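Me: I have a model open and want to test the words used to describe it. Take me through the reasoning, term by term.

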Amino acid sequence: MTDFPTKARAVVIGGGAVGCSVAYHLAKLGWTDVVLLERKRLTSGTTWHAAGLIGQLRATLNLTRLAKYSAELYDGLEAETGVAIGYRRNGSLGLALSEHRLEEFARGASMASTFGLEAQMLTPAQCAARHPLAEMHGVRGGVFLPTDGHADPANIALALAKGARQRGVRIFENVAVTGIARERGRVTGVSTSRGPIAADYVVNCAGMWGREIGRMAGVNVPLHACEHFYVVTEAHPGIPRNLPVLRVPDECAYYKEDAGKLLVGFFEPKAKPWATHGIPEDSEFITLPDDWDHVAPELEKAAARVPLLAKAGIRTFFNGPESFTPDDRYLLGEAPELRNFYVAAGFNSIGIQSAGGAGKALSEWMEAGEPPFDLGDVDIRRMFPFQGNRTYLFNRVGETLGLLYADHFPHRHYESARGVRHTPLHERLEARGACFGESAGWERAFWFLPKEAAARGEKPEYRYSWKRQNWFGHAAQEHRAVREGVGLFDLSPFGKIRVEGPDAEAVLQRVCANDVAVEPGRIVYTQWLNGRGGIEADLTVTRLSEAEFLVVTGSATVPRDLDWLRRHIPADARCVATDVTSGEACIAVMGPRARELLAPLVDADLSNAAFPFGTARTIEIGMAMARAHRITYVGELGWELYVPSDMARHVFDVVAARGDGMGMRPCGMHVLDSCRIEKAYRHHGHDISCEDHVLEAGLGFAVKTGKKAGRFGDFVGRAAVLERAAQGLRRRMLQFRLDDPQPLLFHNEPILRDGRIVGRVTSGAYGHHLGGAIGLGYVPVEAGEGEAELLGARWEVEVAGTRFAARASLRPMHDPRSERPRA
């Protein structure tokens with residue numbers, strides 16, 4: 001194509017598999033003016049040297065849906081375009097060399113059944129039959145996914161490019177993007193080595209160049225390249241042509257048969273970040289220097305696992321760069337900093353299996369202006385500004401590559417790039433035995449080591465397992481303190497957004513499903529809904545004054561929630577929203593004795609009559625001023641004390657001095673979670689999301705369809721709420737408790753009704769007060785089905801292939817009438 005455009009509806013930057021997929025799917029949606037720009041030649045970034053593995057089972061339902069779509073797309077791509085992609089569905093086999101890994105596989109196989117994906121648990125003998133080249137020494141068992149496969153990655157991209165061209169997409173190679181044009185918070189085009197192109201939409205699919213393209217636009221795209229190693233053997237007659245892909249994660253290796261040769265790749269525990277100071281400008285089809293020493297341990301294990309590797313001889317030792325993100329999940333969606341600037345980058349070595357689904361989802365997002373379903377796991381709005389820091393990325397991605405094949409234990413925390421964000425109470429908690437984990441960059445106390453355990457030589461460190469981990473008993477004591485006495489939580493990382501201005505109330509009335517036109521000092525629990533009645537945010541709004549409100553939300557959702565709010569502030573509204581999270585610490589004092597602890601320390605009357613539930617007021621405590629919120633996320637009497645960060649240590653010391661004499665325990669995030677699950681409080685991102693209807697989530701009590709429409713109209717989602725209420729619910733959220741007190745629930749375990757899988761656990765924890773594992777999950781309901789019929793069914797939950805009887809409830813099993821927080 002010689003006529004270079006000056007205008008386009010959409011410009012896609014990057015000609016790898018993902019960029020070609022986005023262009024292809026936009027064209028399929030009828031976008032007739034799409035331009036794809038590739039700085040060098042198509043596939044010349046990382047696509048050309050990808051292994052081409054196409055697995056489908058991912059950590060969540062929707063990511064699995066996207067991977068399944070990729071497989072289905074590739075099935076017909078060759079017939080559609082005439083480009084041979086060599087797609088073969090020989091399945092994949094994973095070998096477990098430990099009981100930990102075998103349970104991970106078993107839990108994954110159970111999870112797959114809820115996703116409509118076949119996964120078979122195998123004995124060592126059955127594994128040997130599936131892959132005759134693999135030695136079975138040390139193998140405890142395996143998992144086989146028969147619909148997995150592999151293909152030629154470069155030809156997948158070229159086939160998608162051809163399909164896009166056939167639908168009118170114009171593709172230009174050897175055109176570098178040199179700048180992003182923007183005006184009034186919206187992208188307006190790109191500058192290139194061949195001149196500018198005005199555009200309504202720009203999509204950053206630039207792979208390992210994605211961070212730099214983002215910086216041109218003022219957009220944070222946290223990713224960094226790492227070196228990825230694989231070897232290819234000589235052809236050998238002893239290599240069958242129909243072998244499944246073999247994965248041995250305990251040895252950090254995967255094996256793929258390709259034209260009578262074996263490709264063996266590695267995800268070693270400590271990877272080598274590459275090009276920290278920038279990728280050389282003229283780079284294409286990059287190969288990096290060999291480093292046999294770096295992968296020698298993994299290569300030695302591979303030769304023992306598949307002895308034919310040594311017999312065939314190594315033809316190629318390959319080292320090439322791939323991009324990784326701080327959390328091993330790719331970046332997808334519209335950037336919060338710039339309207340109509342979209343990102344699909346940072347695919348963490350799963351770009352080929354993800355490209356089809358990611359391209360389809362992003363194109364539908366661009367078409368509709370909102371995600372087609374819950375994509376929170378990969379939504380770029382989960383990223384914080386500091387995560388784009390080059391030093392942070394260098395330190396983190398060396399770990400994230402290796403974590404692809406590490407044991408995926410529950411509650412596993414990153415070990416690298418830590419200590420970025422500390423609450424004011426960090427040292428106080430550390431002195432009391434806190435074991436810290438990382439969440440949204442914050443160092444958070446997840447559990448505390450009691451003094452008597454420390455005296456026995458125990459340390460506040462995780463020892464991971466799928467069973468009861470080393471902190472289980474300590475957390476049980478914290479849990480009992482909250483239920484029977486008093487506990488203290490550091491909730492300082494809670495997101496805090498001030499909404500101010502003469503139109504603040506009108507804006508929030510438009511955004512909130514509940515009624516926030518209340519008196520100053522009132523706290524309102526509410527959801528922010530989309531047009532389908534799905535839940536975009538779950539939070540509280542406290543009215544501070546006539547024109548000031550405080551939104552309190554989860555620590556990990558601040559960028560997303562702030563973006564949602566700002567997008568819904570009309571241009572003519574006199575209202576601003578500001579993230580003030582770091583300005584205030586939050587000390588939560590929770591439990592039946594919370595009033596007894598706090599009353600002598602403050603200048604306010606804490607009685608029910610003077611300080612009712614759901615209210616907030618300024619108090620004096622010690623020599624500081626604080627704002628006390630009578631609210632709870634654990635289902636007990638308590639107050640959250642919001643204190644200026646510079647006074648937080650003083651207030652903590654005042655509370656602790658009295659609390660220590662009352663048996664007060666410092667409590668961590670594990671207990672915050674186990675208490676909230678006992679009370680069936682929902683968690684956004686697990687139990688509720690943008691595709692979960694607020695009524696089906698059991699949160700209709702917080703929706704006020706009768707509130708008066710404000711200056712900016714009815715609240716978003718009102719029509720969808722009324723429509724679903726009239727139609728009746730299609731599913732309901734239940735709380736489950738296993739009868740057997742031994743198994744543990746985490747998430748995605750299958751829920752069975754009368755022997756048939758009908759749903760999955762959305763979040764789970766051990767209920768120390770209720771005496772068993774507790775889980776929440778949605779189940780379908782029939783029209784007119786009553787509560788007695790629903791709860792009278794035979795309910796079970798499957799854990800690692802074993803089914804356990806469960807009791808189901810529509811109401812919280814702990815304090816169903818919510819009397820304790822109002823005591």
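Me: Start with a histidine. Where does His-479 sit?

Reply: This is a predicted model. In it, His-479 belongs to helix H13.

Me: What makes His-479 buried rather than exposed?

Reply: Its relative accessible area is 0%. Buried means under 20%. His-479 is therefore buried.

Me: Which residues does His-479 touch, beyond those up to four places away in sequence?

Reply: His-479 touches Val-671, Ser-674, Cys-675, Glu-678, His-768 and His-769.

Me: How do H13 and H18 cross?

Reply: H13 covers residues 472–484 and H18 covers residues 669–678. Their axes come within 9 Å and cross at roughly 55°.

Me: Why are H13 and H18 called oblique?

Reply: Roughly parallel needs an angle under 35 degrees, and roughly perpendicular starts at 65. The angle here is roughly 55°. H13 and H18 are therefore oblique to each other. The crossing is right-handed.

Me: Which residues make that contact?

Reply: From H13 come Ala-475, Glu-478, His-479, Val-482 and Arg-483. From H18 come Val-671, Ser-674, Cys-675 and Glu-678. By class, the contact of H13 with H18 has 4 nonpolar, 2 polar and 3 charged residues.

Me: On to H2 and H5. What makes H2 oblique to H5?

Reply: Helix H2 (residues 61–81) and helix H5 (residues 153–166) pack at an angle of about 60°, with their axes 10 Å apart. Roughly perpendicular covers 65 to 115 degrees, and roughly parallel is under 35. An angle of about 60° is in neither class, so H2 is oblique to H5. The crossing of H2 and H5 is left-handed.

Me: Which residues meet there?

Reply: H2 brings Leu-73, Tyr-74, Leu-77, Glu-80 and Thr-81. H5 brings Ile-156, Ala-159, Leu-160, Lys-162, Gly-163 and Gln-166. They divide into 6 nonpolar, 3 polar and 2 charged.

Me: How do you know that H1 and H5 are roughly parallel?

Reply: Helix H1 spans residues 17–28, and its axis comes within 8 Å of that of H5. The two cross at roughly 25°. Angles under 35 degrees count as roughly parallel. H1 and H5 therefore earn that name. Their crossing is left-handed.

Me: What classes of residue make up the contact of H1 with H5?

Reply: From H1, Ala-17, Cys-20, Ser-21, Ala-23, Tyr-24 and Ala-27 take part. They meet Ala-157, Leu-160, Ala-161, Gly-163 and Ala-164 in H5. The division is 9 nonpolar, 2 polar and no charged.

Me: Past H5 there is Gly-168. Why is Gly-168 called partly exposed?

Reply: Gly-168 is found in the loop between H5 and strand S8. Its relative accessible area is 35%. Buried means under 20% and exposed means over 50%. Gly-168 falls in between, so it is partly exposed.

Me: What does Gly-168 touch, not counting residues up to four places away in sequence?

Reply: Gly-168 touches Thr-32 and Val-34. The C-alpha atoms of Gly-168 and Asp-33 are separated by 7.3 Å, with their positions 135 residues apart along the chain.

Me: How do you know that Val-551 is buried?

Reply: Val-551 lies in strand S25 (residues 548–553). Its relative accessibility is 0%. The limit for buried is under 20%. Val-551 therefore counts as buried. Its contacts more than four places away in sequence include Gly-495, Trp-528 and Leu-539.

Me: What is notable about phi of Ala-680?

Reply: Phi of Ala-680 is positive, about 60°, although Ala-680 is not a glycine. Most residues other than glycine have a negative phi.

Me: Ala-680 and Ala-800: which is buried and which is partly exposed?

Reply: Ala-680 is in the loop between H18 and helix H19. At 8% relative accessibility it is under 20%, so Ala-680 counts as buried. Ala-800 is in the loop between strand S36 and strand S37. At 24% it is in the range between 20% and 50%, so Ala-800 counts as partly exposed. Phi of Ala-800 is also positive, near 55°.

Me: Last, the whole protein. How do you know that its radius of gyration agrees with a compact globule?

Reply: With 823 residues, a compact globule would have a radius near 28 Å. The protein has 27 Å, which agrees. Buried residues make up 62% of the 823 residues.

Key:
Residues numbered from 1 in each chain as written. Predicted model: local features only at pLDDT ≥ 70, side-chain atom pairs only at ≥ 80, totals over all residues. Heavy atoms only, no water. Axes fitted to C-alpha atoms, helices over the stretch in contact; angles between N-to-C directions. Helix = DSSP H or I, 4+ residues; strand = E, 2+ residues; numbered from the N terminus. Parallel < 35°, antiparallel > 145°, perpendicular 65-115°, else oblique. Left-handed = near helix turned anticlockwise from the far one by under 90°. Contact = heavy atoms within 4.5 Å. Nonpolar A, V, L, I, M, F, W, Y, C, P; charged D, E, K, R; others polar. Rg over C-alpha atoms; globule rule 2.2 N^0.38 Å. Buried < 20%, exposed > 50% of the residue type's maximum accessible area, 1.4 Å probe, protein only.
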